[in-house]
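Biologist: Could you take one part of this model and walk me through it slowly, in words that a first-year student can follow?

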Amino acid sequence: MAIQLDDYEKELIAWAREIIAYLVKSGVSLADAQDVTQDVFVRLLDSEFALPASKLRSWMYRTAIRRYIDLYRREKTYHDVLRKEFFTKENIVTYDVQDGEWLREAMQSLKQGQRFALELYYFQGFNVKEIAHILGISQSKVKIDLMRGRQNLKKQLEKEGYEDGNF
């Protein structure tokens with residue numbers, strides 16, 4: 001047996017979809033947009049005020065935008081604290097490869113940004129977005145550093161006598 005929704009509920013669902021689409025179009029991930037919209041509905045249900053339908057939609061948009069800004073600030077602060085306290089250049093563990101001195105020496109020849117990007121990506125297991133937060137640079141810059149770092153590392157290893165697949 002299907003549940004029948006009344007017009008008010010259908011309108012709320014349509015507004016929720018609008019808010020999600022608006023947030024995603026504004027650059028918010030789909031998961032975050034859905035979470036924010038859910039928070040808006042929870043707040044609406046918890047509220048003790050009554051708004052006319054003409055003002056409810058704009059209240060939901062304003063609340064969603066404010067909620068996302070709060071979420072963004074909290075996430076940014078969290079990543080700033082991580083970067084300052086835990087991911088200083090001295091605290092990044094470089095390698096855990098046995099007999100990997102040759103790799104460490106080749107990595108040391110890279111520019112600092114390329115070296116950090118490669119270390120965080122391959123040895124620490126971070127993704128591009130996380131590396132961007134940790135290093136305080138854009139995701140595009142991380143991708144460029146990874147690409148150039150791989151190219152330069154390959155050249156360096158080939159210069160040392162290592163061949164493709166024989167690293």
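**A close look at R67 and its surroundings**

Modeller: R67 is partly exposed, since its relative accessible area is 24%, and a residue counts as buried only under 20% and as exposed only over 50%. Please keep in mind from the start that this is a predicted model.

The side chain of R67 meets the side chain of D39 in a salt bridge, with 2.6 Å from N to O. R67 belongs to helix α3 whereas D39 belongs to helix α2, which spans residues 30–46, so the pair ties together parts that lie 28 residues apart in sequence. The partner, D39, is likewise partly exposed, because its relative accessible area is 29%, a value that falls between the limits of 20% and 50%.

Staying with helix α3, which covers residues 53–85, we also find T63 there. T63 counts as buried, because its relative accessibility is 6%, and the limit for that word is under 20%. If residues up to four places away in sequence are left aside, T63 touches V40 and R43.

Two further residues, I65 and I69, join Y22 in a nonpolar patch on the surface, and together the three have about 230 Å² of accessible area. Y22 has its place in helix α1, and with a relative accessibility of 38% it counts as partly exposed. Helix α1 runs through residues 7–25 and also holds E11. E11 is partly exposed as well, at 38% relative accessibility, and it gathers with D6, D7 and E9 in a patch of negative charge on the surface.

To put the bridge of R67 in context, it helps to ask how many salt bridges are counted by this rule. The count comes to two. Besides the one between R67 and D39, there is a salt bridge between D145 and K141, whose closest N and O atoms are 3.0 Å apart. Here both partners, D145 and K141, lie in helix α7, which takes in residues 139–159, and they are four residues apart, about one turn of the helix. In this pair D145 counts as buried, at 5% relative accessibility, while K141 is partly exposed, with a relative accessible area of 38%.

Another place to compare by eye is L135, which sits in helix α6, made up of residues 128–135. L135 is partly exposed at 24% relative accessibility, and although 15 residues separate L135 from L120 in sequence, their C-alpha atoms are 9.8 Å apart in space.

Finally, we can step back to the chain in which these details sit. The chain has seven helices and zero strands, and read along the sequence it follows the pattern α-α-α-α-α-α-α. Of its 167 residues, 28% count as buried, and T63 and D145 have been given as buried here. The accessible surface of the chain comes to about 11,900 Å², and 51% of that surface belongs to carbon and sulfur atoms. Among contacts between residues at least 6 apart in sequence, 56% join residues that are at least 24 apart. The salt bridge with which we began, between R67 and D39, can be read beside that figure, because its two residues are 28 apart in sequence.

Methods: Residues are numbered from 1 along each chain as its sequence is written. This is a predicted model: local features need pLDDT of at least 70, side-chain atom pairs count only at pLDDT 80 or more; totals for chains, interfaces and linings use all residues. Side-chain values use heavy atoms; hydrogens and water are left out. Patches are made of residues with over 30% relative accessible area and no salt bridge: like charges are joined within 9 Å, nonpolar side chains (Val, Leu, Ile, Met, Phe, Trp, Tyr) within 5 Å. Accessible areas come from the Shrake-Rupley method with a 1.4 Å probe; for residues, only the protein chains shown count as cover. A salt bridge is a side-chain nitrogen of Lys or Arg within 4 Å of a carboxyl oxygen of Asp or Glu. Lys and Arg count as positive and Asp and Glu as negative; His and the chain ends are not counted. The place of a charge is taken as NZ of Lys, CZ of Arg, CG of Asp or CD of Glu. Buried means under 20% relative accessible area, exposed over 50%, partly exposed in between (1.4 Å probe, protein chains only). Contact means heavy atoms within 4.5 Å.
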